[in-house]
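Trainee: I would like to go through the reasoning behind the labels used for this structure. Could we take them one at a time?

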Amino acid sequence: MIVRKTKNSLGIAILGLMLFFTALFLIVFLARIFHMGYDVLSWEFISSPPREAMTAGGIYPAIIGTFWLTVVSIAVALPLGILTAIYLVSYGKPRWFVQIVKIAINTLAGVPSIIYGLFGMAIFVNLMKMDVSLLAGSLTLAVLALPVIINAAEEAMRGVPHEFREASLALGATERQTILRVILPTAFPNILTGTIISIGRVAGETAPIMFTAATFYSRRLPQSPFDEVMALPYHIYALMTEGTHAAKQVPIAYGTALVLMFLVLSISAIAIAIRYKIRKTRKW
Amino acid sequence: MVKEQIKTENLNLWFGSNHVLKDVNLTIYEKKITAMIGPSGCGKSTLLRCFNRMNDLIDSTKIKGQVLLHDEDIYAPSAQVTQIRTRIGMVFQKPNPFPKSIYNNVAYGLAIQGKHSKHEISQRVEQSLKDAWLWDEVKDRLHESAFSLSGGQQQRLCIARALANNPEVLLLDEPTSALDPQSTAKIEELCVNLKNQVTILIVTHNIAQAGRISDYTAFMYLGELVEFGPSDQLFTVPKDSRTEAYLTGAFG
């Protein structure tokens, strides 16, 4: 008895320790960025373009650029991902074909992001003649987000209890009506979870937009989807690798990182709030 | 004179190589309650699911023979499965309301048909809830989640949902096996009350329940329809020795 109790306490202690280390890394990481970036934060920093070769001024065009890249890429990837998942879950036949599609999706999920960048450049920028633009970058990011969203949507739809589907069909609904009116609404909160993860990933990626959308420096905002844009992660990269005034650029890079984190957290928070609201009305 | 509602003719069903229903010839009479009893795995639920073609959902299903709804073969190539399912409603073993409001659960069957006005739908929702003896309990909270109801209420909501389509037949697949005795009694009473407007087929494990509410009883064993007849006769003087053995608890 005593041995079992000791083992139990020991187990809990080890788990606690692991939790502590995980939390510690996160806290140190956040504290560092916050500490290094906090000083450069000001209204001017988030509302004006960079000046004097990135050693002064703000990051407004990069905030706007990242915002649009994220929104457009999710707007493309979410419907595409959901439709793919519907096919896989409800219509996917024959089996071997579904298996091949799923292997392709999972492989896609494991591809290094720089490869997406090259792919985007070859297909969207060159072949489809979009040039280096917001649109080309968003589409590249959409391809990157697609596997995560498809997998999340597929899991979410498979997680909808079989009883709901049976009940709907037994009332004379077609397969299509069942998907649109019962399965998708029930699965949607969990699809949103996958989307939230994708938002964080898409907003933070540098490599895929390097050759497809991003520009080092732009004083003006993108006027159309075919303009080049500045983007926060790429701006950080630029600040740390280009230019000659490291002492002035590094704090700006940390400030940019802080803003990027805040932006991702806000977009996620909005999505979480929407999910919470849906879950409340569709409790089961 | 009782009229025939559903009739099966030499109905055979296989799941893959598993022969589940063997030459079933059964007649269901209109506006009566027919109970289907038998030990687990005897095929009674599968037979029930033949009547609204729910077995279609299982890929390996193979069916031979006929199921006639009045004189119309529901497995004919020209038969429309969605239309059959609005004419033959179903209530499942576990209450399975949608994760929607009480109102939208009942309105679902009509809403998907897309040919009813809002006013019509709200009238039918009210009538169906009244028919399922649920109206007084939910009339002040129609727009709350269906999952805020108790298990027994949820099952009556599922009955109301099926009734909203104005079906000719209601299939009940062990509708009370997940419920407490009080909710069970209420649903049994409700069934007896409903037979004025709809033909009821109920699968049950509960022999006493079959005896209490049914007009006719079918006893199934190992995929065969062993005996069918008026309940008072089948329960008092069973013709087949297997029926008698089951009723007296020798197996099952």
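**From values to labels**

Mentor: Start with a pair of residues: B:Leu69 stands opposite B:Glu72 in β6(B). Keep in mind throughout that this is a predicted model.

Trainee: What makes β5(B) and β6(B) a pair of strands?

Mentor: Pairing takes at least two bridges. Between β5(B) and strand β6 (residues 72–73) of chain B there are two bridges, in the antiparallel sense. The criterion is met, and the strands pair.

Trainee: Which residue in the hairpin of β5(B) and β6(B) takes a positive phi?

Mentor: B:His70, with a phi near 50 degrees; the hairpin has two residues between the strands.

Trainee: How do you know that β1(B) and β5(B) pair?

Mentor: By the same kind of count. Eight bridges join these strands, which run antiparallel, against a requirement of at least two. Within this pairing, B:Leu13 stands opposite B:Ile63 in β5(B).

Trainee: Why is B:Asn10 called exposed?

Mentor: The label applies at 12 or fewer C-beta neighbours. B:Asn10 has 11 inside 10 Å, so this residue counts as exposed. B:Asn10 is found in strand β1 (residues 4–15) of chain B.

Trainee: What is notable about the phi of B:Asn10?

Mentor: The value is positive, near 45 degrees, in a residue other than glycine. Most residues other than glycine have a negative phi.

Trainee: Where does B:Arg53 lie, and why is B:Arg53 called buried?

Mentor: B:Arg53 lies in the loop between α1 (44–50) and β5 (61–69) of chain B. Burial requires 20 or more other C-beta atoms within 10 Å. B:Arg53 has 21, and is therefore buried. Its phi is also positive, about 55 degrees, although B:Arg53 is not a glycine.

Trainee: What makes A:Ser48 partly exposed?

Mentor: Partly exposed covers the counts between 12 and 20. A:Ser48 has 16 C-beta neighbours inside 10 Å, so the middle label applies. A:Ser48 sits in the loop between α2 (43–47) and β1 (50–51) of chain A.

Trainee: Which residues does A:Ser48 touch, leaving out those up to four places away in sequence?

Mentor: A:Gly57, A:Gly58 and A:Tyr60. For A:Tyr60, the separation from A:Ser48 is 12 residues in sequence and 5.1 Å in space, C-alpha to C-alpha.

Trainee: How do you know that chain B agrees with a compact globule?

Mentor: For 252 residues, a compact globule would have a radius of gyration near 18 Å; chain B has 18 Å, so the two agree. Its C-alpha atoms fill a box of roughly 55 × 45 × 40 Å along the principal axes. Buried residues make up 46% of chain B. Of the contacts in chain B between residues at least 6 apart in sequence, 69% join residues at least 24 apart. The secondary structure of chain B comes to 10 helices and 11 strands.

Trainee: How many residues of chains A and B are in contact with each other?

Mentor: 17 residues of chain A are in contact with 20 residues of chain B. On the chain A side, α7 (162–170) and α8 (175–204) each supply at least two residues. α7(A) gives the most, with six residues.

Trainee: What classes of residue make up the side of chain A that touches chain B?

Mentor: Eight are nonpolar, four polar and five charged.

Terms used
Residues numbered from 1 in each chain as written. Chains lettered and ligands numbered in written order. Predicted model: local features only at pLDDT ≥ 70, side-chain atom pairs only at ≥ 80, totals over all residues. Contact = placed C-beta atoms within 7 Å. Helix = DSSP H or I, 4+ residues; strand = E, 2+ residues; numbered from the N terminus. Nonpolar A, V, L, I, M, F, W, Y, C, P; charged D, E, K, R; others polar. Rg over C-alpha atoms; globule rule 2.2 N^0.38 Å.
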